[in-house]
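Colleague: Got a minute to go through this one with me? I'd like to hear how you back up each label.

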Number of protein chains: 2
Amino acid sequence: MTHVLMRVQGRLGGSCLRGLSTTSVCAKSASQTKASEPQKEIPGPVTQKLKKEMDKVHQAPAVRFFIDYEKSKGNYIVDVDGNKYLDMFMQISSLPLGYNHPDLIKAAQDPKMISALINRPALGSFPPKDWTERLHKTLIDIRPKGLSGVQTMMCGTCSNENAIKTAFMWYQRKKRGGPPSEEDLMSCMKQLPPGTPSLSVLAFQGAFHGRTMGMLSVTRSKAIHKVDVPAFDWPIANFPRYKYPLNKNVDYNKKQDTACLQEVEKIIGDRKKDKRDVAALIVEPIQAEGGDHHGSPEFFQGLRDLCTTYGIAFIVDEVQTGGGSTGSWWAHDSWKLKSPPDMVTFAKKFLTGGYYYKEDFKMNEPYRIYNTWMGEPSKMLLLEAVVNVIKRDNLLNQAGKVGKELQSYLDSLQGQYPKHLSNARGAGTFSAIDCSSAALRDKIVNNAAQNDLHIGVCGDSSIRFRPALIFEEKHLKEAKEALSDAIASAVQSK
Amino acid sequence: MTHVLMRVQGRLGGSCLRGLSTTSVCAKSASQTKASEPQKEIPGPVTQKLKKEMDKVHQAPAVRFFIDYEKSKGNYIVDVDGNKYLDMFMQISSLPLGYNHPDLIKAAQDPKMISALINRPALGSFPPKDWTERLHKTLIDIRPKGLSGVQTMMCGTCSNENAIKTAFMWYQRKKRGGPPSEEDLMSCMKQLPPGTPSLSVLAFQGAFHGRTMGMLSVTRSKAIHKVDVPAFDWPIANFPRYKYPLNKNVDYNKKQDTACLQEVEKIIGDRKKDKRDVAALIVEPIQAEGGDHHGSPEFFQGLRDLCTTYGIAFIVDEVQTGGGSTGSWWAHDSWKLKSPPDMVTFAKKFLTGGYYYKEDFKMNEPYRIYNTWMGEPSKMLLLEAVVNVIKRDNLLNQAGKVGKELQSYLDSLQGQYPKHLSNARGAGTFSAIDCSSAALRDKIVNNAAQNDLHIGVCGDSSIRFRPALIFEEKHLKEAKEALSDAIASAVQSK
C-alpha cells in the first residue's frame with residue numbers, strides 16, 4: 001500500500017531506483033500553496049524526532065507521520081506536529097467510520113469487551129458461547145447474496161490464503177470423488193503428487209492480494225513488493241484497461257473485455273494440457289493498489305461463466321472494495337451475476353478478516369482450514385456497532401450520493417486539465433483519477449497535504465480517494481477547495 | 001494444532017482415515033472414571049446444540065466445546081454445559097496468565113484502550129504517538145540477547161513469512177552488494193530471475209511453522225495440514241530424535257546430533273550446486289505440534305555455526321516456546337550461543353505476533369516488509385500488563401520450579417508404566433510424555449477430561465502440557481490426581 005507522502009522516505013539506500021514508483025517527493029519542492037498559509041514541513045519536526053527513536057528498535061522506513069489518535073476526530077486526522085488533515089485515505093481504506101466515532105467508543109466500553117480482549121480463544125476449537133449470535137448480528141447479516149457461511153480470519157492476506165487453500169481442497173475432492181486417500185496423505189508429507197498437487201491459481205496483471213509468499217505469487221501491482229522473493233509459477237492474465245468516459249469508448253472497452261476473457265480461457269486450456277490445472281481464479285472488483293482499474297459487469301459475468309464451465313473456483317477479493325464505500329456492502333453486487341461467486345474475501349473496514357463461501361466450499365473435515373486464533377471476538381463487538389451505524393445513518397446511500405458528486409468533480413477537473421488529468425472513475429466514494437506523470441501526481445498530493453488534505457496514490461500515476469463512510473458533502477466542499485488549489489499550483493509549476 | 005478432545009469430531013466424511021492422527025475418540029469408550037463421579041457427556045448437550053447452529057453459518061468441524069469465558073477463571077475453564085476443567089492446554093498454549101486475570105481486566109479498562117481499539121492504524125505508516133514507548137515497555141524490554149529491533153505482525157504464521165522474506169532480501173542484497181537493480185525490478189514482475197530468485201528455506205521433519213502456502217512448505221508435522229495444497233520445493237532435514245532419560249543415552253543422542261548436522265551441511269551444499277541456494281534455516285527450539293521433540297544446545301550451536309559458515313539466515317521460531325513457560329522468556333536462551341540467532345519469531349503468549357532481528361537484517365527500504373495493519377496497539381497495552389505481572393510475580397521462576405516437579409512426576413509415571421509411557425521430557429512446564437499408541441494416548445486424555453483435567457496432544461502419540469504461567473504446585477497436585485487415575489483406568493482397560 002503506497003501513499004505518496006510516505007514516499008518522501010521512499011529512497012532505497014539513498015538512491016532513487018528507476019522502474020519503481022518509489023520516487024522522492026519533498027514538501028519543500030511543492031511550488032506554491034495557498035498564499036495565506038506558510039509552507040508546512042512534512043513530516044514535521046516532532047514526527048522526525050519520534051521516527052529516529054522508533055528506528056532504533058522497530059523498522060520505520062515507511063513511517064509518514066506519528067498520529068495523535070486521541071485528538072483525531074471524524075474525518076480529520078491530527079499528527080504529533082499539530083497538523084490537522086481532512087483524511088480521504090483513512091488508514092489505507094481501513095477505518096469505516098473515521099476517528100473516535102461515539103458509537104465505537106460506546107462499544108469499546110461495553111463490559112463484554114473486557115472478556116473478549118483478555119480471554120482470547122482458539123476460535124476453531126473453543127469459541128465463546130455467543131459466537132454464533134455475534135456472527136448473525138454482523139457478518140451474516142450483511143453476507144453477499146447466495147453465500148451461506150463465513151469463516152473469520154485475522155487479515156486480508158490470510159483470508160485470501162485460506163480461500164485459495166479451500167479451492168485446492170475442493171478441486172481435489174471433486175477430482176477424487178471423496179476425501180484424501182492414504183496415498184495422498186503419505187505423499188504430501190514428502191511434497192510429492194498426488195498428495196501435493198501441481199495446481200495453480202489464475203490472477204491478473206495489476207492485482208494485489210497480499211504479501212505472504214503465496215499471495216505475492218498472485219500479486220502484480222508493484223515490483224518493490226515482489227523483488228527477491230521466490231514465487232509459485234502461477235499464471236497471470238491481462239485485466240481490462242478501459243478508456244474513459246465509458247460512454248464514449250464503448251467499442252474499445254468491449255474489445256478489452258473480450259480479449260481478456262479469451263486469454264483467461266486460453267490459459268485455463270494450456271494449463272490443463274500441461275497437467276497444472278487452474279483450480280481457482282482470484283480477482284478484485286476494482287484493482288486498488290494496482291491503480292484503481294475497474295472491470296465491467298460483463299467482464300465479471302464472463303469470468304463467472306468460464307469458472308463454471310471449467311469447474312474452477314471463482315474467488316472475489318473484496319478486501320479493499322467491501323464495506324460500503326462503493327455505495328453497496330459489496331462491490332460485486334453491481335455485476336448482477338446469475339450465480340454468485342464461490343468465495344468472497346474481506347478485511348480492512350470489517351475490522352476482522354475472513355471469507356464467505358458457497359455451501360459446496362464448506363470444509364467438513366477438521367484442521368484443514370485452521371489456525372490458533374482464526375479471528376477475534378473483540379473485533380465482532382466493534383463490527384456490530386459499525387454495521388448498526390451504517391444502517392441507522394444510511395451510510396451506504398450517503399457513500400453513493402457524495403461519491404457521485406466527487407466523481408462529477410473529478411470529471412470537471414479532467415475537463416479543465418485535459419493534458420494533465422484523465423480517466424476520472426469511481427464507484428461511490430471509491431474514486432480515482434490519473435495524472436500525466438508520477439511527478440505531477442506526487443506534486444499534487446503534496447500540495448494537497450500543504451492544504452490540509454490527506455489523499456492516497458496507487459498504480460503508476462493515479463490519485464486514489466478512500467474517505468470513510470461518514471464523509472459528507474461539506475467535507476467534499478473542503479476537499480475540492482484544497483485539491484483544486486493543489487492542482488493549479490502543481491500544473492503551473494510544471 | 002490438534003487436541004484429542006477436539007478429535008472426537010475428527011472424522012473425515014464419516015470414515016476414519018488411516019495415516020492420520022485424526023482418530024475417533026469417544027467419551028463413552030473411556031473405560032473407567034473415578035468411581036464417585038458419573039460419566040460426563042463430552043462434549044455436553046449445550047455445546048452440541050450450539051455447534052449445530054454455528055455449523056449453519058461458520059465452519060465448525062474442529063469445535064470441541066463452547067466456553068463461558070466470563071465464568072472461566074485463572075487456571076480453570078468452564079464450558080457451556082457447566083463443566084469446569086483445570087486447563088493445562090490454555091488455548092493451544094496462547095494465554096499467558098489464564099482466564100480473567102485481574103491485572104488484565106484493569107488493562108482492558110484503561111482509557112487508553114478505547115482509542116487503541118477504535119482508531120486502528122496502518123502501523124507501518126501512521127503509528128500512534130506513543131508506539132515506541134509501548135515497544136520499550138514490552139517487546140524491547142524482554143528482547144532476546146543480541147537482537148536489536150522488533151517488527152510487530154499479526155500472528156505467528158505471518159511473523160514466520162516475513163522473517164523468511166527478510167532473509168531472502170538480505171541474501172540477495174549480500175549477493176548483489178546493494179539494493180535491487182532495474183533488471184531485478186523488471187524481471188520480478190514476470191516472476192523470472194534475477195528478480196524472482198530460486199532460493200530456498202531449510203526446515204526439519206516434524207516442524208510446524210504455520211499454514212499459509214509458504215509456511216506449509218516448511219511444515220512437516222501432520223498430513224492433514226498439507227494434503228491437497230501445492231508447495232514450494234524446499235528441502236527438509238531430519239531433526240534429532242533423542243532417547244530418554246538423556247543422561248542414560250548420551251552416545252546415542254550425540255550421534256543423532258552429528259547425523260542431523262551432517263545432513264544439513266550436505267543439503268546446503270547440494271542446493272548450492274543446484275543453484276537453488278538455501279538462504280534461510282528455520283527451526284523450533286522444541287518441535288511442538290510435531291510431537292515435542294527437543295534439540296540439544298550442541299545441536300543448535302552446530303546449526304548456528306553452519307549458518308554463519310555458509311552465510312545463511314538462522315531463524316528461530318519461538319511462536320510456541322517463547323513467553324516464559326520454559327522457565328525463561330526465550331527457549332533458545334538455554335543454548336548459550338556465541339552469536340545470537342539472526343531472527344526470532346513469536347506470537348501466542350505475546351498476544352501480538354512479530355519477529356526480532358539483528359541489525360544486519362533491518363529493512364531500510366520502505367514497503368518491502370509491510371502490510372496494512374502490521375500488528376495492533378491494543379495488544380501492546382495488554383502485553384505491558386502481562387510483562388509486568390510476570391516480573392512482579394516472578395512467574396518465570398515459578399514455571400521453572402513447578403515445571404521440574406511436573407517433569408519428575410512424568411518420570412515417575414514412566415517408571416510405573418514402562419510398557420505404556422516413555423520419553424518424559426520438558427523445559428519448565430513445557431512438557432510431554434509419549435504413549436505406546438495413539439489409542440492409549442487418546443484414552444488417557446479423554447479419561448483426564450472425565451476427571452476435569454484438560455490437556456493437549458501432539459505428534460503421533462504424545463501428550464503435551466501447556467499450562468499458563470500462573471500454574472502453581474496446588475494445581476499440579478490436582479492434575480496429578482486426575483492424570484494418575486486417568487492412566488490407571490486407561491491401562492487397565494487396554
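Modeller: Let's begin with a facing pair: L202(A) stands opposite L281(A) in strand 6 of chain A. Mind that this is a predicted model, with local features needing pLDDT of at least 70, side-chain atom pairs counting only at pLDDT 80 or more, and totals for chains, interfaces and linings using all residues. Side-chain values use heavy atoms, with hydrogens and water left out.

Colleague: What makes strand 4 of chain A and strand 6 of chain A a pair?

Modeller: Pairing takes at least two bridges found by DSSP, and 3 bridges join strand 4 (residues 200-204) of chain A to strand 6 of chain A, running parallel. Strand 6 of chain A also pairs with strand 9 (residues 313-317) of chain A, again parallel, over 4 bridges. There, V283(A) stands opposite V316(A).

Colleague: Why is strand 6 of chain A called largely enclosed?

Modeller: Buried means under 20% relative accessible area and exposed over 50%, with partly exposed in between (1.4 Å probe, protein chains only). In strand 6 (residues 278-283) of chain A, 6 of the 6 residues are buried, so the rest of the structure largely encloses it.

Colleague: How do you know that the two copies are related as by a two-fold axis?

Modeller: Superposing by least squares on C-alpha atoms of residues with pLDDT of at least 70 in both, chain A lands on chain B with an RMSD of 0.0 Å after a turn of 180° and a shift of 0.0 Å along the axis. The copies are thus related as by a two-fold rotation axis. In chain A, the C-alpha nearest that axis belongs to G214(A), at 2.9 Å.

Note on methods. Residues numbered from 1 in each chain as written. Chains lettered and ligands numbered in written order. Helix = DSSP H or I, 4+ residues; strand = E, 2+ residues; numbered from the N terminus.
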